[in-house]
Amino acid sequence: MTKIRIGLFGFGKTGKQVAGEFLNDKHFELVWVVRRNETDLGKYASHLLGHEFKAGKLFSVNDIGPDFYRKNPVDVLVDFSSSDGIQYYEAAAEQGIKIISAISKYEEQDFQLLEKLKSKTAMLYSPNITLGVNFLLIASQVLQKIAPHADIEIVEEHFRKKNETSGTALKIAETLGLEKDKHVNSIRVGGIVGKHEVIFGLPNQTIRIIHESISRAAFGQGAIFAAKWLIEQAAGLYNMENYITDLFRRNIPVY
Ligand SMILES: NC(=O)c1ccc[n+]([C@@H]2O[C@H](COP(=O)([O-])OP(=O)(O)OC[C@H]3O[C@@H](n4cnc5c(N)ncnc54)[C@H](O)[C@@H]3O)[C@@H](O)[C@H]2O)c1
Ligand SMILES: O=C(O)C1=N[C@H](C(=O)O)CCC1
């Protein structure tokens, strides 16, 4: 079996869990991990995460020179770093590396860059790569069609240190045609990994669709799902919910 070679940006709270999921899946080889700080460079993510085999050599962003991707080839780059990571995509796309961006918050110019690169390679952008939240996104659209006059509010809850508004909640608002400033409600407490709720208010009843990520491993499992699919795709910019909808239409179980 030919393994899909993965390069990972980010080795923080989420990157470590994502690395762990790729290391545990026999379809993948985690080749390298790039982080911003200089800790443990040259060591292997696999060793740091308790495995005996060598995989996922740690590099710094400063190591990404013109030859980095040629000398350290991978099939898919998975980004759980920060929006700064996008500056390294073009060189990867030039090498035909497919790209999964899981960055939750981008500025307008970042989206423009993704649009520009989509002719060069297959890319998937998802501010929340869990399968579950993408089910919520699809189910919310169905419910809105059935009950177009319902009041809709979105509530997102995350860990106390998350500064920005949830990219997922903003995407849900945009998809449902809601004003982001008015209908997205944010709560920051303790260590909540990520919870999104869409509330449909009707005169005598309320419907709530809730998704909660219990562990950051859910993001790794979503990235694995996305990578297995993206490896087969032609150049273009894709997202998770289109893919899940496609499986649903074709009656193929997703999970
Ligand atoms: N799409 C999703 O499903 C999903 C899920 C969880 C987190 N995220 C996003 O992933 C990102 C990371 O989240 P986190 O909680 O792990 O944050 P974190 O602060 O714990 O970790 C960030 C990591 O990225 C590294 N980093 C920062 N800038 C970098 C760069 N330019 N190149 C390489 N490495 C860089 C840091 O050194 C650190 O290792 C955030 O944007 C977050 O919103 C997305
Ligand atoms: O920062 C995070 O951690 C997460 N952010 C998301 C968002 O902004 O919507 C969702 C997943 C976890």
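1. Let's start with the overall layout. The protein splits into two domains: domain 1 covers 4-125 + 217-249, and domain 2 covers 131-213. So that you know what you're looking at, note that this is a predicted model. Measure between the domain centres, using C-alpha atoms, and you get 27 Å.

2. Next, have a look at where the domains touch. Nine residues of domain 1 make contact with nine residues of domain 2. On the domain 1 side, α9 (217-230) and α10 (240-249) each bring at least two residues to that touching side. The largest share comes from α10, with four residues. If you sort the domain 1 side by class, you'll find four nonpolar, three polar and two charged residues.

3. Since α10 keeps turning up, it's worth looking at one of its packing partners. Helix α6 (residues 131-146) packs with α10 at an angle of about 75°, and their axes are 9 Å apart. Why call α6 roughly perpendicular to α10? Because angles from 65 to 115 degrees count as roughly perpendicular, and the angle here is about 75°. If you wonder about the choice of numbers, two packed helices are described by the angle between their axes and the distance between the axes.

4. You can find this helix contact residue by residue. From α6, pick out L131, N134, F135, L137 and I138; from α10, pick out M240, E241, I244 and T245. By class, the contact of α6 with α10 has six nonpolar residues, two polar ones and one charged one.

5. Now for the ligands, beginning with ligand 1. It is surrounded by 26 residues, and the closest are G12, R36, S81, A102 and S104. Two elements, α1 (13-23) and β2 (28-35), give two or more residues to this shell. Which element gives the most to the shell around ligand 1? That's α1, with three residues. The shell as a whole divides into ten nonpolar, twelve polar and four charged residues.

6. Last up is ligand 2. Around it you'll see T14, S104, P127, N128, K162, S166, G167, T168 and G194. How many residues of each class are in the shell around ligand 2? There are seven polar residues, with one nonpolar and one charged residue alongside them. One residue to click on is S104: it belongs to the shell of ligand 2, and it is also listed among the closest residues to ligand 1.

Terms used
Residues numbered from 1 in each chain as written. Chains lettered and ligands numbered in written order. Predicted model: local features only at pLDDT ≥ 70, side-chain atom pairs only at ≥ 80, totals over all residues. Domains from an automatic or database assignment. Contact = placed C-beta atoms within 7 Å. Nonpolar A, V, L, I, M, F, W, Y, C, P; charged D, E, K, R; others polar. Near = placed C-beta within 6 Å. Axes fitted to C-alpha atoms, helices over the stretch in contact; angles between N-to-C directions.
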